[in-house]
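Here's a friendly walk through a protein model for someone meeting it for the first time. Have a look at the picture, then read on.

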Amino acid sequence: MDEFAKRLPPETEVSQALSLAAICLTASAPCLEFLPPRVRPWQRIAERYSSKKLVWVGATAGTGALWLAGAFLFQQWSLSRLQSQWANVRPKVEELEGMQQQIKKFRPWFDESHRNLTILRKVTEAFPDDGLVTAKTLEIRELSSVTCSGLARDNQAFLKMLDQLRASQEVTELKVDQVRGKTPLQFTFNFHWGSGGAHEN
């Protein structure tokens with residue numbers, strides 16, 4: 001304001017408002033600024049997130065990324081190791097599966113209870129040791145139906161052998177199909193083997 005007054009003639013009266021307006025119009029830079037400074041968006045973001053916050057956020061994100069990458073690498077390593085183990089075991093597994101298929105196919109030929117042997121043992125125990133009664137054929141069908149034919153020295157020895165078979169709990173429906181001759185006596189009989197023989201050894 002003093003500089004503006006010096007430029008005017010000494011007797012000129014100048015009000016303060018006029019002097020202030022003249023200075024503002026003639027000055028190269030604005031002397032009064034009533035508006036807040038203009039802040040750009042990137043400056044706002046930079047002010048909002050100070051350097052410490054950015055470092056903390058970056059460290060957290062980096063740690064999370066490292067954990068994720070580590071988990072992924074561990075999963076890939078585990079899968080690779082399991083695939084290698086499977087490649088080593090696969091031939092044996094395929095061989096065992098083939099054997100299981102064969103077992104399923106021929107399961108009727110196998111009997112874990114050894115029922116055939118149990119039937120043979122019972123029939124053998126019923127025959128006398130002195131050879132008075134001997135068997136020629138023994139047929140076992142479906143592990144339950146048994147037919148036997150043979151020779152006996154006399155009728156008494158044959159009947160005694162049948163009584164021995166009837167004494168067994170597993171033998172049911174014992175029937176004599178055929179008896180011919182006297183000395184030797186030719187016979188054929190059949191019986192049904194019950195479920196009690198399935199668990200015997």
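## A buried glutamate in a loop

Let's start at E170, which sits in the loop between α6 and β3, the strand spanning 171-180. This is a predicted model, so keep in mind that everything here describes a prediction. Is E170 buried or exposed? With a relative accessible area of 6%, E170 counts as buried, because that value is under the 20% cut-off.

E170 also has a partner from further along the chain. W193 is 23 residues away from E170 in sequence, but from C-alpha to C-alpha the two are 5.4 Å apart in space.

## The overall layout

Now step back for the big picture. The protein has six helices and four strands. If you read along the sequence, the pattern goes α-α-α-α-α-β-β-α-β-β.

How much of the protein is buried? Of the 201 residues, 19% are buried. As for contacts between residues with a separation of 6 or more, 51% of them involve residues 24 or more positions apart.

## Two helices that cross

Next up is a pair of helices: α5, covering residues 115-126, and α6, covering residues 155-166. Their axes come within 8 Å and cross at roughly 140 degrees. That angle is neither over 145 degrees nor in any of the other named ranges, so α5 and α6 are oblique to each other. The crossing of α5 past α6 is right-handed.

Which residues make the contact? On the α5 side they are K122, V123 and A126, and on the α6 side they are M161, Q164 and L165. Sorted by character, the residues of this contact come out as four nonpolar, one polar and one charged.

## A cluster of rings

Helix α6 shows up again when you look at the aromatic rings. The count comes to four aromatic pairs. One of them is F158 with F187: their ring centres are 4.7 Å apart and their planes sit at 35 degrees, so this pair is tilted. F158 belongs to helix α6 and F187 to strand β4 (residues 185-193), so the pair ties together parts that are 29 residues apart in sequence. F158 and F187 are both buried.

F187 also pairs with F189. Here the ring centres are 5.8 Å apart and the planes are at 20 degrees, so this pair is stacked. F189 is buried, as is F187. Taken together, ring pairs join F158, F187, F189 and F191 into a cluster.

## Where β3 meets β4

Stay with strand β4 for a moment, since T188 is found there. Which residues does T188 touch, leaving aside neighbours within four places in sequence? The contacts of T188 are T147, C148, S149, V176, D177 and Q178. The C-alpha atoms of T188 and D177 are separated by 5.4 Å, although these residues are eleven apart along the chain.

V176, one of those contacts of T188, is found in strand β3. The C-alpha atoms of V176 and T188 are 6.1 Å apart, with their positions twelve residues apart along the chain. Not counting residues up to four places away in sequence, V176 touches F158, L162, T188 and F189. Two of those names, F158 and F189, also appear in the ring cluster. V176 counts as partly exposed, at 38% relative accessibility.

## Backbone oddities

A few spots in the backbone deserve a second look. Where is the cis peptide bond? The cis bond joins T183 and P184, with omega at about -5 degrees. P184 is found in the loop between β3 and β4.

Then there are two glutamates to note. E142 has a positive phi of about 55 degrees although it is not a glycine. E142 is found in the loop between β1 (133-141) and β2 (145-152), and E142 is exposed, with a relative accessible area of 75%. E173 likewise has a positive phi of about 55 degrees without being a glycine. E173 lies in strand β3 and is exposed, with a relative accessible area of 58%.

Key:
Residues numbered from 1 in each chain as written. Predicted model: local features only at pLDDT ≥ 70, side-chain atom pairs only at ≥ 80, totals over all residues. Heavy atoms only, no water. Axes fitted to C-alpha atoms, helices over the stretch in contact; angles between N-to-C directions. Parallel < 35°, antiparallel > 145°, perpendicular 65-115°, else oblique. Left-handed = near helix turned anticlockwise from the far one by under 90°. Contact = heavy atoms within 4.5 Å. Nonpolar A, V, L, I, M, F, W, Y, C, P; charged D, E, K, R; others polar. Phe/Tyr/Trp six-rings, centres within 6.5 Å; stacked < 30°, edge-to-face > 60°. Buried < 20%, exposed > 50% of the residue type's maximum accessible area, 1.4 Å probe, protein only.
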